[in-house]
Amino acid sequence: MNPHDALTEIATLLERERSSHYKSKAFRAAADSIEGLTDDQLRDAASLRRRKGIGDSTFAVIQEALDGGVPGYLADLRERAGVQVASQLRGMLRGDLHSHSDWSDGLTSIDLMVDAARALGHEYLALTDHSPRLRVANGLSPERLREQLAVVAGMSGQGFTLLSGIEVDILDAGALDQEPELLDALDIVVASAHSKLRMERGPMTRRLVVAASNPHVDVIGHVTGRLVEGSRGTRPQSTFDAKAVFEACAAHGVAVEINSRPERQDPPDDLLALALDIGCLFSIDSDAHAPGQLSLIDHGAERAERAGVPPERIVTTWPLDRLREWTGRPR
């Protein structure tokens, strides 16, 4: 097995299972360190050990891969990941409208996210780093977002499109945490609440309805804000009039996100059914913060299929031209 590929796959699988980001970054750093080296150079143990980014675990993986087998570390990760049986709906998904890079709180560069999206067969991916108010996530100021737009513009081609976007914070009264003119220039706007998730029912309902009624918004992200598992612990869902919120989404053609992260599973099954009955559109998104997490859309597709969501109401099954027609911001 190619050692570089083995190290990269290990990093990807660690990201998918949301393991320590220090581990995944270490394996990506090791892969970068040996890129371009010949097998003879890799077999020079003394020289390899002196290379930056090569530790005991990565050294062992390289040597096992050179010997022609699947490294034990990788075999264990593959077994833990299990055999993924793709649903029919998963095969219909063309892209993903919610992802992050190291410009905000993602773990890797934009180009690695693009490479991973291409490898999954995506036709498009929206880069939606956070907005300024979310300082803990290194949210992008208007100036930094404009800089990012210039980078994104050069990353499409060969059947793949990187869409410009943002996960914009929904402020307390429902306003959006970014300049309106800049939001209008983006391909995709995902609006999410990240603070004061325990607001009383009335104010929280108004907050979400106002956001869903904003003409700049395309997707309402992780609508309840709940956490059901994982390293961050659990968090109850926000309290609001879901019927009113979903009716606003349906009236304005805003998609309700089916967030694919296992720790979120948002919206819950009962609210997913309600949004379906009301006539909402949906967007199955990974909310990926690392390349390996883009494949989490498997989980979202499985939930949507189980809930009986028609593929034609899932905007991420649409071709790019139809998606852009829906957003009202053709490029």
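This tour goes through a predicted model, from the sheet to the helices on it, then to a helix pair, the empty spaces and two backbone details.

**The sheet**

Begin by selecting the strands. There are 7, arranged as an open sheet in the order S1-S2-S3-S4-S5-S6-S7, with parallel pairing. Colour residues 95-96 and 281-285 to mark the edges: these are S1 and S7, and each of them pairs on one side only.

Now restrict the view to S6 and S7. S6 covers residues 255-259, and 5 bridges connect this strand to S7, the two running parallel. Show Asn259 and look across to S7, where Asp285 stands opposite.

**Helices on the sheet**

Add residues 297-307. This is helix H13, which packs on the sheet and touches S1, S6 and S7. The direction of H13 makes about 145° with that of S7.

Next, select residues 320-327 for helix H14, which also packs on the sheet. Its contacts are with S2 (124-127), S3 (161-169), S4 (188-192), S5 (219-220), S6 and S7. Take S3 as the reference strand: the direction of H14 makes about 35° with that of S3.

**The H1 and H6 pair**

Hide the sheet and select H1 (3-16) together with H6 (72-81). The axes of H1 and H6 come within 10 Å and cross at roughly 35°; the crossing is left-handed.

Show side chains at the contact. From H1, display Ala6, Glu9, Ile10, Leu13 and Leu14; from H6, the residues they meet are Tyr73, Leu74, Leu77, Arg78 and Ala81. By class, this contact between H1 and H6 has 8 nonpolar residues, no polar ones and 2 charged.

**The largest pocket**

Keep H1 on screen and add H2 (21-34): each of these helices supplies at least two residues to the lining of the largest pocket. The volume of that pocket is about 770 Å³. To centre the view, select Asp105, Arg232, Arg261, Glu263 and His289, which are the closest to the pocket centre among the 32 lining residues. Colouring the lining by class gives 7 nonpolar, 14 polar and 11 charged residues.

**The cavities**

How many cavities of 30 Å³ or more does a search of the whole structure find? The search finds 2. The largest cavity holds about 50 Å³ of space. To see what surrounds the largest cavity, select Ser192, Ala193, Leu197, Met204, Leu208, Gly221, His222, Val223, Thr224, Gly225 and Ser238. This lining divides into 5 nonpolar and 6 polar residues, with no charged ones.

**Two backbone details**

Go to the loop between S6 and H12 (269-278), where Pro267 is found. The peptide bond joining Asp266 and Pro267 is cis, with omega about 5°.

Finish in the loop between H1 and H2 by selecting Arg18. Its phi is near 55°, a positive value in a residue other than glycine.

Technical notes: Residues are numbered from 1 along each chain as its sequence is written. This is a predicted model: local features need pLDDT of at least 70, side-chain atom pairs count only at pLDDT 80 or more; totals for chains, interfaces and linings use all residues. Side-chain values use heavy atoms; hydrogens and water are left out. Two strands pair if DSSP finds at least two bridges between them. Helices (H or I, at least four residues) and strands (E, at least two) are DSSP runs, numbered from the N terminus. Contact means heavy atoms within 4.5 Å. Axes are lines fitted to C-alpha atoms, for helices over the stretch in contact, and angles run from 0 to 180 degrees between N-to-C directions. On a 1 Å grid over the protein atoms alone, a cavity is a set of points where a 1.4 Å probe fits but cannot get out, and a pocket is an open set with protein on both sides within 12 Å along at least five of seven lines; lining residues have an atom within 4 Å of a point. Grid points are joined across faces, edges and corners, and a volume is the space filled by probe spheres set on the points. Ala, Val, Leu, Ile, Met, Phe, Trp, Tyr, Cys and Pro count as nonpolar, Asp, Glu, Lys and Arg as charged, and the others, Gly among them, as polar. A crossing is left-handed if the near helix is turned anticlockwise from the far one by less than a right angle, and right-handed if clockwise.
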